[in-house]
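Visitor: I would like a close look at one chain of this assembly and the surfaces it shares with its neighbours. Please take the chain in the middle of the discussion, part by part, and keep to what the model shows.

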Amino acid sequence: MALRDDRVTLAHGGGGKAMRDLIEEVFTDVFEPPGMEDQARLEADALSEPGAKLAFTTDAYVVTPVEFPGGDIGKIAVAGTVNDLAVGGAQPLWLSAAFIIEEGTEVALLRRIVATMKAEADKAGVRIVTGDTKVVDRGAADTLFVTTAGVGVIPPGRDMGAGHVRPGDVAIVNGVLGDHGATILAARGDLALQSPIQSDCASLGHLVDAVLAAAPDARAARDLTRGGLASALNEIAGAAGCGIEIEESALPLRDEVVGTCEILGLDPLYLANEGRVVIFVPEARAEAALAAMQSLPEGTGAAIIGRAVEGHPGLVHMHTAFGGVRIVDMLVGEQLPRIC
Amino acid sequence: MCLGIPGQIVEITDEARMMAMADVSGVRREVNVACVLEGDIGDLVGTWTLIHVGFAMSLIDEEEAASTLQALKDLGEAQETLKQMAEGDAALENPSAGAEKPEVSA
Amino acid sequence: MKFASEFRDPAAARALLAAIAAKADALGATRAKPIHIMEICGGHTHSIFRYGLDKLVHEGIEFIHGPGCPVCVLPRARVDECIELAERPEVIFTTFGDAMRVPGSQKSLMQAKAAGADIRMVYSPLDALELARRNPAREVVFFGLGFETTTPSTALAIQQAAREELTNFTVFCNHITVPEPIKALLDDPHMVLDGFIGPGHVSMVIGIHPYDFIARDYAKPIVVAGFEPTDLLQSILMILTQIEQDRAAVENQYARVVPDDGNKVSLAAIADVYQKRPTFEWRGLGEIDASGLQIRPEYRAFDAEEKFGIGYAGVRKHVPEVEGTACGQVMTGRMKPPQCPQFGKGCTPEMPLGALMVSSEGACAAYWQYGGVRGTSAGTSAGETAGEAAE
């Protein structure tokens with residue numbers, strides 16, 4: 001093993017032997033990309049089917065702390081990219097991963113993150129086929145930034161999109177909401193919360209497949225990342241030009257997430273999730289879609305939470321557990337903890 | 001000013017600084033208990049307090065809470081009775097009328 | 001019992017709403033001639049909208065949103081002073097999240113942070129104390145914002161700092177009191193008020209007797225309420241019952257948390273650390289006597305105003321309101337948010353002109369966020385009472 005340093009230095013980004021050693025031992029020995037050229041060369045039979053479409057997404061991952069209960073930045077990078085493809089009905093195939101590493105980062109940390117990425121990629125049935133590394137001065141990056149791109153294939157005949165949602169369609173989520181957001185808040189340390197919650201980070205390609213098998217005419221899916229369920233629903237309502245109504249009592253929420261929100265004055269509807277989707281299906285398919293979700297580990301807590309409606313186009317209304325109605329608006333900026 | 005939530009004191013963490021661990025639905029935070037301390041700090045373990053900006057500011061009186069809930073329950077039953085009486089009246093006046101009845105009493 | 005969800009029971013809500021409706025009818029309250037109930041505390045404003053109580057109660061009950069939102073009554077000049085402090089290179093400026101987005105005359109604390117000022121959000125003044133311990137070479141300033149609910153916590157933090165002889169911790173004191181602005185509103189001949197929902201957590205500290213003057217001198221009922229929806233509904237029912245019986249008294253619906261005489265330790269800490277300023281500026285209400293607190297001379301080492309020569313210890317600036325806004329009118333219940341000419345036009349949550357659109361307790365934010373109201377209905381003049389406004 002040529003790599004002897006326990007911390008990344010600027011030399012490791014210099015393009016010379018040190019960099020080659022870092023890339024080989026930490027990254028390519030684990031990811032095992034096909035070939036060692038600057039680009040991955042790939043064939044996909046699925047792409048040549050008439051009517052099939054290439055799905056292509058890109059994401060950047062910045063999270064503090066980079067390791068947290070239930071995952072790390074690598075896991076969310078893989079799962080997040082896979083999910084961005086899956087919610088479009090695509091079969092995720094290949095990912096790229098570029099790393100911007102802050103000088104001084106422990107090599108052992110990088111190894112752990114790469115290991116989780118490999119494990120998550122295997123679980124999701126995708127390969128990380130190409131990547132890049134750069135090292136920046138201390139202070140120029142918060143330990144590690146990861147950017148990805150993901151490629152997949154949408155089979156012919158499949159056309160999911162928020163614009164297809166229509167009144168009567170049923171909205172289903174695959175489990176308790178807000179776990180990831182609540183975990184990060186507690187993990188940041190400055191709020192001094194002790195919490196047993198773990199991130200819900202998960203790849204959902206198989207889950208979406210299962211739902212599409214039960215409901216081939218599923219209208220749209222969205223992952224519930226930044227901005228949470230509320231933002232995704234508002235996007236869909238806006239694109240579809242219909243209203244959405246949800247039931248507060250139907251929202252699956254862990255007690256501890258509710259507790260975290262109450263302490264900080266936050267609304268769980270806006271907390272980030274890294275392993276949650278909302279899928280709209282025609283009413284006739286709702287039970288089948290729900291059952292399909294619940295049959296998988298990533299969907300055991302799945303629940304029907306509401307439906308698209310004719311009224312109040314573009315707006316999301318929530319029937320509160322108390323019996324009233326309130327609007328669930330788009331977030332403006334970031335949700336901040338409050339004391340008032 | 002107003003965001004206060006009930007939390008249960010589960011442990012004393014620093015007697016000298018009057019700090020204790022409070023539990024809110026399974027999430028815990030250290031809070032200062034100076035405002036609710038009367039006598040032995042250990043007596044606070046198990047009590048419910050109203051927490052605001054990291055301070056336990058008032059002990060929640062479980063008896064008062066129970067009596068408020070009881071008052072609500074009694075009101076519920078009284079309203080139910082009133083509703084049934086009103087429905088009974090309406091039925092007497094109009095034997096063929098359906099079950100629909102406005103919320104507000106006549 | 002968890003003391004929260006039990007007080008959100010929909011069945012209890014239905015019973016309360018029916019009882020309220022019966023009394024409102026008996027009193028002849030209608031949409032055109034409503035009973036005006038002011039909820040003083042911004043947290044109550046938030047609860048009312050969050051649970052949709054404004055739409056659920058009998059249409060003869062009109063909520064007048066009161067000035068109990070410490071962020072909303074923060075003058076723009078005060079925000080400017082915060083930023084001035086934060087921009088000093090030696091200062092770590094700590095604040096509750098609530099104040100971050102309030103616009104000053106040039107920018108908000110959030111924007112000052114983006115421009116490089118060391119501004120940190122904290123959950124508790126104790127966190128600011130800890131920052132001071134860990135950063136002996138820096139000056140930690142804590143923005144002491146809030147009514148009597150929050151005042152004891154900064155007082156206790158200052159006492160702790162004194163015990164530890166910290167030399168790098170100060171509080172920029174903006175604590176204010178509830179009874180004085182209520183008296184100012186009651187003395188205003190334009191205000192039409194039939195009863196008050198009293199602030200639950202302020203009262204947990206000061207008790208219920210500071211409100212005696214409301215019942216005794218102005219013959220208005222006041223019921224100190226909790227924050228769960230059934231607490232609010234029960235309190236409204238209690239107010240209507242008083243009106244029905246031609247009584248005016250101070251009642252405590254939130255007895256499970258509020259002791260009639262308040263909290264001894266809190267009151268002692270406040271008395272030890274603070275004294276009343278002769279007068280204090282409230283956004284929208286002007287100067288009110290004896291309504292703001294300053295740090296006593298004994299603790300001047302912990303007073304940011306003294307240490308940095310700012311605020312009431314420096315040259316005070318008066319910054320006028322933005323043209324066309326009606327923050328003061330809305331805050332004192334004389335106008336509903338959509339009646340402000342800037343509501344939804346120049347003033348939105350993304351680009352707020354005033355604190356009421358930013359603060360989670362602000363009436364404008366509540367109407368926008370929970371009520372979905374988007375446009376201004378301005379065309380009515382500023383002096384009309386809320387009761388005459390069309391929705």
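Guide: What follows describes chain C, starting with its domains and then turning to its contacts with chain B and chain A.

The model is predicted, and local features are drawn from residues with pLDDT of at least 70. The domain assignment divides chain C into domain 1 (2–69 + 187–252), domain 2 (76–176 + 292–313) and domain 3 (327–385). Domain 1 of chain C and domain 3 of chain C meet through 20 residues from domain 1 and 16 residues from domain 3. The C-alpha centres of these two domains lie 22 Å apart.

Between them, domain 1 of chain C and domain 3 of chain C bury about 1,400 Å², and 60% of that area is on carbon and sulfur atoms. On the domain 1 side, C:His46, C:Phe49 and C:His65 account for 36% of the area buried against domain 3, more than any other three residues. The rule finds 2 salt bridges across this interface. C:Arg334 pairs with C:Asp188 in a salt bridge, with the closest N and O atoms 2.8 Å apart. There are also 3 residue pairs in polar contact across the interface of domain 1 and domain 3 of chain C, both residues of each pair being at pLDDT 80 or more.

Two elements of chain C, helix H2 (42–50) and strand S2 (61–68), each give two or more residues to the side of domain 1 that touches domain 3. Strand S2(C) has the largest share of that side, with 7 residues. By class, the domain 1 side of this contact has 8 nonpolar, 8 polar and 4 charged residues.

The contact with chain B comes next. Here 52 residues of chain C are in contact with 37 residues of chain B. Chain B and chain C bury about 3,600 Å² between them, with 69% of the area on carbon and sulfur atoms. The rule finds 2 salt bridges across the interface of chain B and chain C. In a salt bridge between these chains, the side chains of B:Arg29 and C:Asp127 come to 3.1 Å, N to O. The count of residue pairs in polar contact between chain B and chain C is 7, with both residues at pLDDT 80 or more.

On the chain B side, strand S3 (27–32), strand S4 (48–52), strand S5 (55–59) and helix H1 (62–93) each supply at least two residues to the surface that touches chain C. B:Arg29, the salt-bridge partner of C:Asp127, has a residue number within the range of strand S3 (27–32) of chain B. Helix H1(B) provides the largest share of the side that touches chain C, 11 residues. That side of chain B has 21 nonpolar, 10 polar and 6 charged residues.

Chain A also touches chain C. This contact takes 37 residues from chain C and 24 residues from chain A. The two chains bury about 2,500 Å² between them, and 59% of it is on carbon and sulfur atoms. A:Phe322, A:Ile339 and A:Cys340 supply 30% of the area that chain A buries against chain C, more than any other three residues.

Between chain A and chain C the count is 1 salt bridge. C:Arg8 forms a salt bridge with A:Glu262, and the closest N and O atoms are 3.2 Å apart. The two chains also have 6 residue pairs in polar contact, with both residues at pLDDT 80 or more. Helix H8 (255–264) and strand S14 (325–327) of chain A each supply at least two residues of the side that touches chain C. The largest share of that side, 4 residues, comes from H8(A). The residues of chain A on this side divide into 13 nonpolar, 4 polar and 7 charged.

A few words on chain A as a partner complete the picture. Chain A has 9 helices and 14 strands. Its radius of gyration is 21 Å, close to the 20 Å that the globule rule gives for 340 residues, so chain A is as compact as a globular protein of that length. The C-alpha trace of chain A spans about 65 × 55 × 30 Å along its principal axes.

Conventions: Residues numbered from 1 in each chain as written. Chains lettered and ligands numbered in written order. Heavy atoms only, no water. Domains from an automatic or database assignment. Contact = heavy atoms within 4.5 Å. Buried area = accessible area lost by both parts, 1.4 Å probe. Salt bridge = Lys/Arg side-chain N within 4 Å of Asp/Glu carboxyl O. Polar contact = N/O pair within 3.5 Å; in protein donor to acceptor, adjacent residues only side chain to side chain. Nonpolar A, V, L, I, M, F, W, Y, C, P; charged D, E, K, R; others polar. Rg over C-alpha atoms; globule rule 2.2 N^0.38 Å.
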